[in-house]
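Me: I should like to understand how certain descriptive terms are applied to a protein model. Please explain the reasoning behind each one.

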There are 2 protein chains.
Amino acid sequence: MGEDRWQALSEEVAGWPRGQRSTFVTNFLRDLIVSGEIPPGERINERILTERLGISRTPLREAFKILEGEGLVSIRPNAGATVVRLSPEDVEDSLEILIGLESIGAERAAERATPEMIEEIAELDTRMVEAFERRELMDYFHINQDIHQKIIDAAQNEALSRVYSSESARIRRFRFAGNRDHARWAQAVAEHAQILEALRRRQGPLLRELLRAHHRAGWKIARKALETPEPTD
Amino acid sequence: MGEDRWQALSEEVAGWPRGQRSTFVTNFLRDLIVSGEIPPGERINERILTERLGISRTPLREAFKILEGEGLVSIRPNAGATVVRLSPEDVEDSLEILIGLESIGAERAAERATPEMIEEIAELDTRMVEAFERRELMDYFHINQDIHQKIIDAAQNEALSRVYSSESARIRRFRFAGNRDHARWAQAVAEHAQILEALRRRQGPLLRELLRAHHRAGWKIARKALETPEPTD
DNA sequence: CCCTCCCTTATTGCATGCAATCAATCTAAA
DNA sequence: TTTAGATTGATTGCATGCAATAAGGGAGGG
């Protein structure tokens, strides 16, 4: 559990404004966790992080509590915070919720999305296809996430956006694996074109089914990559 | 915003164990908020609460962060924590999510509930009918909440249980209003009998539709009670 | 060789102190 | 009278110190 992992982030966060320290640490830590930079099962040492970030333990510990609420870390009394280790079943559980939420969102989005929202999603789709053609997986992945969140947002249900975003973050790392397979990647791009078209034509039920199939197919591939169990460290 | 509200809870929490203080304060505060004892829009004063509870500000502030994540309070820098004020639209948004989640849960529960789980729900249902006959609204309400959560739990999807529980808490206070109308109350009890029957017979789709109708009917009544806008204080 | 107990050290949980910020009141000039 | 500015008190954000606990390691007995 190398201290060297934290070496990189020396001064980069100095001077976070008063009143937002815990928020910023939370976002920072969440990124490290969902990107997999801090691996599942790893204990997060308070002292090392506070020294590297140049903040005190108080806002860091507040961040732990927030991330615990999001299901990203687990805090045991006197044993600190560890990154939660999700089993394939946990991921599948979350994915089932996400699909359910997107189903709700899809029908509402088809009804309520403004032309501007649809246009914004269309632009993201264009950028995503470009990223695909350049074979920039990371870019592609982020734009992809963004599109799905924007479709949800188009439903204009704040609770839905909040829950979806939080649940989505939990399993982001695992869904990334779904794009490793190149054939699947190309297929996903094609599906997105259909999804956009259904949204444009405001075909709610179709949109719902397309999204459902899209996720299931992605997960089928991602699951394979996860069959290799993570190290128990 | 009387300090007297907190008068009651002097010594009752003394001696909360190390390592669980913030958890306990969180639960305690959540109860006060979802029950409406701390009204929406009210600012929560740290000093008063810490003095009454006999704890320091640190675990209390951690509780604020957790509750903010749950959408129950809002923290503004240098202006402390205030109980969020939900509009009828916010409640309806959350309710739509809850209905969606219960739909997922219903079908899974019908497939996966163990006989023990169903039996437990049946016992709760009996107790709920008794509470109805004794006209004990508060008891009834709590058992009712418990039944819905247990149905969800029977789906054996941890993410679902977590999200449902959190989202349910957010709008608990508002759903309470749905039972004020006596005709509706009796109707709700009858619907619960059908719901239990569908679960026993493992009729997933039927269970789903019964729950959906149950919630919609409850909300229709509750909504009336909320048309009277809350004081803007 | 292994197991148990004790001790040391690292780390956590929480209380508290200090500085920054906000809010309310007062003063003075227009 | 009104309003801009200053001032003081209350409250928050964060850093830090101390006590409690856990984790690790060695000594001693089996």
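Reply: A residue is called buried under 20% relative accessible area, exposed over 50%, and partly exposed in between. The model shown here is a predicted one.

Me: Why is Phe24(A) called partly exposed?

Reply: Phe24(A) has a relative accessibility of 27%. Partly exposed is the term for values between 20% and 50%, and Phe24(A) therefore counts as partly exposed.

Me: Why does Trp16(A) count as buried?

Reply: The relative accessibility of Trp16(A) is 15%. Buried means under 20%, so Trp16(A) counts as buried.

Me: What makes the pair of Trp16(A) and Phe24(A) edge-to-face?

Reply: The ring centres of Trp16(A) and Phe24(A) are 5.5 Å apart, and their planes stand at 85°. Rings pair if their centres lie within 6.5 Å, and planes over 60 degrees apart count as edge-to-face; the pair is therefore edge-to-face. In chain B, the rings of Trp16(B) and Phe28(B) have centres 6.5 Å apart and planes at 65°, so this pair is also edge-to-face. Trp16(B) lies in the segment before helix 1 of chain B, and Phe28(B) lies in that helix.

Me: Why is Asn144(A) called buried?

Reply: Asn144(A), a residue of helix 6 of chain A, has 9% relative accessibility. The cut-off for buried is under 20%, so Asn144(A) counts as buried. Asn144(A) touches Met128(A) and His192(A), leaving aside residues up to four places away in sequence.

Me: How do you know that the copies are related as by a two-fold rotation axis?

Reply: A turn of 180° and a shift of 0.1 Å along the axis lay chain A on chain B with an RMSD of 0.2 Å. The two copies are thus related as by a two-fold rotation axis.

Conventions. Residues are numbered from 1 along each chain as its sequence is written. Chains are lettered from A and ligands numbered from 1 in the order in which they are written. This is a predicted model: local features need pLDDT of at least 70, side-chain atom pairs count only at pLDDT 80 or more; totals for chains, interfaces and linings use all residues. Side-chain values use heavy atoms; hydrogens and water are left out. Helices (H or I, at least four residues) and strands (E, at least two) are DSSP runs, numbered from the N terminus. Buried means under 20% relative accessible area, exposed over 50%, partly exposed in between (1.4 Å probe, protein chains only). Contact means heavy atoms within 4.5 Å. Copies are superposed by least squares on the C-alpha atoms of residues with pLDDT of at least 70 in both. Rings of Phe, Tyr and Trp (its six-membered ring) pair if their centres lie within 6.5 Å; planes under 30 degrees apart count as stacked, over 60 as edge-to-face and the rest as tilted.
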